[in-house]
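Hello,

Here is the structure I promised to pass on to you. Please open it first, and then read my notes alongside it.

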Amino acid sequence: MAEYIAPKSLLDPSKKQTFCPGCGHGIVVRLLHELIWELGYEDNNCFILGVGCSCHLCSMACGDYYMAPHGRASAAATGAKRIRPDMLTISYQGDGDAAVIGFSETMNAAYRNENITLVMINNTNFGMTGGQMSWTTMPGEVTATSIYGRDCDKTGYPVHLPEMMANSFSHIAYAARGSVHDVKHINETKKYLKNALEAQIHQEGYSMVEVLCQCPTNWHMSPVKAQERIKNELIPEYPLGEFKKRGEAK
């Protein structure tokens with residue numbers, strides 16, 4: 001078995017990661033920095049961070065980051081990519097930021113087929129601000145703003161962003177959904193993320209990957225139970241896979 005060598009961007013001893021214990025964000029951050037290193041963009045990349053737990057990315061990795069106003073990361077990433085088309089530009093956002101407050105910016109970037117990559121962490125709530133209900137919150141799920149469980153007849157049903165983009169904007173390059181609740185799915189998600197980044201590198205257009213992530217703090221359960229919840233509850237609602245593959249007819 002080959003020895004694992006971590007990217008230099010993850011080895012700075014001054015970095016003290018601030019994600020909650022058991023949170024899935026840290027796994028995704030590691031995967032992205034591994035891919036940036038493997039693809040040769042370690043010195044030519046930029047993360048546009050959404051407001052929320054995603055902003056803790058800079059607590060565990062070195063690099064160039066810009067925090068956009070809440071929900072506006074896709075718009076900020078569009079500007080960064082148009083100024084520096086050679087730069088690998090990643091809009092890293094939570095579901096509350098990308099699919100609720102920033103829904104318009106997110107969808108318009110896909111509609112315009114901007115050559116950027118969105119990585120959206122779906123933990124079914126607004127994680128940093130207290131665990132409020134999001135458009136991705138599960139039916140019946142208790143949150144800080146749905147204390148009796150989400151009533152979908154009054155608040156709408158969970159939004160499925162990759163499917164929506166693939167069906168509405170057939171011209172985009174790539175759309176997928178992965179999960180990081182176990183090793184098998186972590187490896188699959190890394191492949192999805194690689195496809196998304198390579199689509200950008202080869203100037204194929206807009207790419208996005210939604211990642212189901214555990215949130216033990218706001219789900220009020222242990223990390224192990226949170227992993228089981230993804231498997232047993234979230235995946236039946238949010239199926240995994242590629243919804244728009246690279247090279248498919250537009």
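Let me begin in the loop between α4 and β4 (117–122), which is where N113 lies. The phi angle of N113 is near 60°, a positive value in a residue other than glycine. Before you go further, please keep in mind that this is a predicted model.

T124 is another residue to look at for its backbone. Its phi is near 65°, again positive in a residue other than glycine. You will find T124 in the loop between β4 and β5 (125–126). Is T124 buried or exposed? With a relative accessible area of 0%, T124 falls under the 20% limit, so T124 counts as buried.

T124 also leads on to T137, since T137 touches T124 along with N125, T143, R150, P158 and Y238, leaving out residues up to four places away in sequence. T137 sits in the loop between β6 (132–133) and α5 (152–155). The relative accessible area of T137 is 0%, so T137 is buried. If you would like a longer distance to check in your viewer, take T137 and K190: they are 53 residues apart along the chain, and their C-alpha atoms are separated by 24 Å.

Now to the helices, starting with α4. Helix α2 (residues 73–83) and helix α4 (residues 103–111) have axes that come within 7 Å and cross at roughly 40°. That angle makes α2 oblique to α4. Which residues meet there? On the α2 side they are S74, A75 and T78, and on the α4 side E105, T106 and A109. Sorted by class, this contact of α2 with α4 has 2 nonpolar, 3 polar and 1 charged residues.

Helix α4 also packs on helix α6 (residues 161–168), at an angle of about 40° and with the axes 10 Å apart. The two helices, α4 and α6, are therefore oblique to each other. The crossing in which α4 passes α6 is right-handed. From α4, the contact is made by F103, T106, M107 and A110, and from α6 by L161, M164 and M165. The class count for α4 with α6 is 6 nonpolar, 1 polar and no charged residues.

One residue of that contact deserves its own paragraph. M165 has its place in helix α6, and its relative accessible area of 0% means that M165 is buried. What does M165 touch? Setting aside residues up to four places away in sequence, M165 touches T106, M107 and A110, and also S170, I172, Y206 and M208. There is a C-alpha distance to go with this: M165 and A175, 10 residues apart in sequence, are 7.3 Å apart in space.

A further helix pair is α1 with α7. Helix α1 (residues 25–38) and helix α7 (residues 183–201) pack at an angle of about 50°, and their axes are 10 Å apart. The angle makes α1 oblique to α7. Here too the crossing has a hand: α1 passes α7 in a right-handed crossing. In α1, the residues I27, V28, R30, L31, L32, E34, L35 and E38 meet I186, T189, K190, L193, K194 and L197 in α7. By class, the residues of this contact divide into 8 nonpolar, 1 polar and 5 charged. You have already met one of them, K190 of α7, as the partner of T137 in the 24 Å C-alpha distance.

Last, the aromatic rings. How many aromatic pairs are there? The count comes to 3. One of the pairs is F47 with Y65, 6.0 Å centre to centre and with 35° between the planes. An angle of 35° is neither under 30 degrees nor over 60, so the pair of F47 and Y65 counts as tilted. The pair links distant parts of the chain, since F47 is in strand β1 (residues 45–49) and Y65 is in strand β2 (residues 65–67), 18 residues apart. The partners can also be set side by side by accessibility: F47 has a relative accessible area of 0% and is therefore buried, whereas Y65, at 23%, counts as partly exposed.

Happy browsing, and warm regards

Definitions and conventions
Residues are numbered from 1 along each chain as its sequence is written. This is a predicted model: local features need pLDDT of at least 70, side-chain atom pairs count only at pLDDT 80 or more; totals for chains, interfaces and linings use all residues. Side-chain values use heavy atoms; hydrogens and water are left out. Axes are lines fitted to C-alpha atoms, for helices over the stretch in contact, and angles run from 0 to 180 degrees between N-to-C directions. Helices (H or I, at least four residues) and strands (E, at least two) are DSSP runs, numbered from the N terminus. Angles under 35 degrees count as roughly parallel, over 145 as roughly antiparallel, 65 to 115 as roughly perpendicular and the rest as oblique. Contact means heavy atoms within 4.5 Å. Ala, Val, Leu, Ile, Met, Phe, Trp, Tyr, Cys and Pro count as nonpolar, Asp, Glu, Lys and Arg as charged, and the others, Gly among them, as polar. A crossing is left-handed if the near helix is turned anticlockwise from the far one by less than a right angle, and right-handed if clockwise. Rings of Phe, Tyr and Trp (its six-membered ring) pair if their centres lie within 6.5 Å; planes under 30 degrees apart count as stacked, over 60 as edge-to-face and the rest as tilted. Buried means under 20% relative accessible area, exposed over 50%, partly exposed in between (1.4 Å probe, protein chains only).
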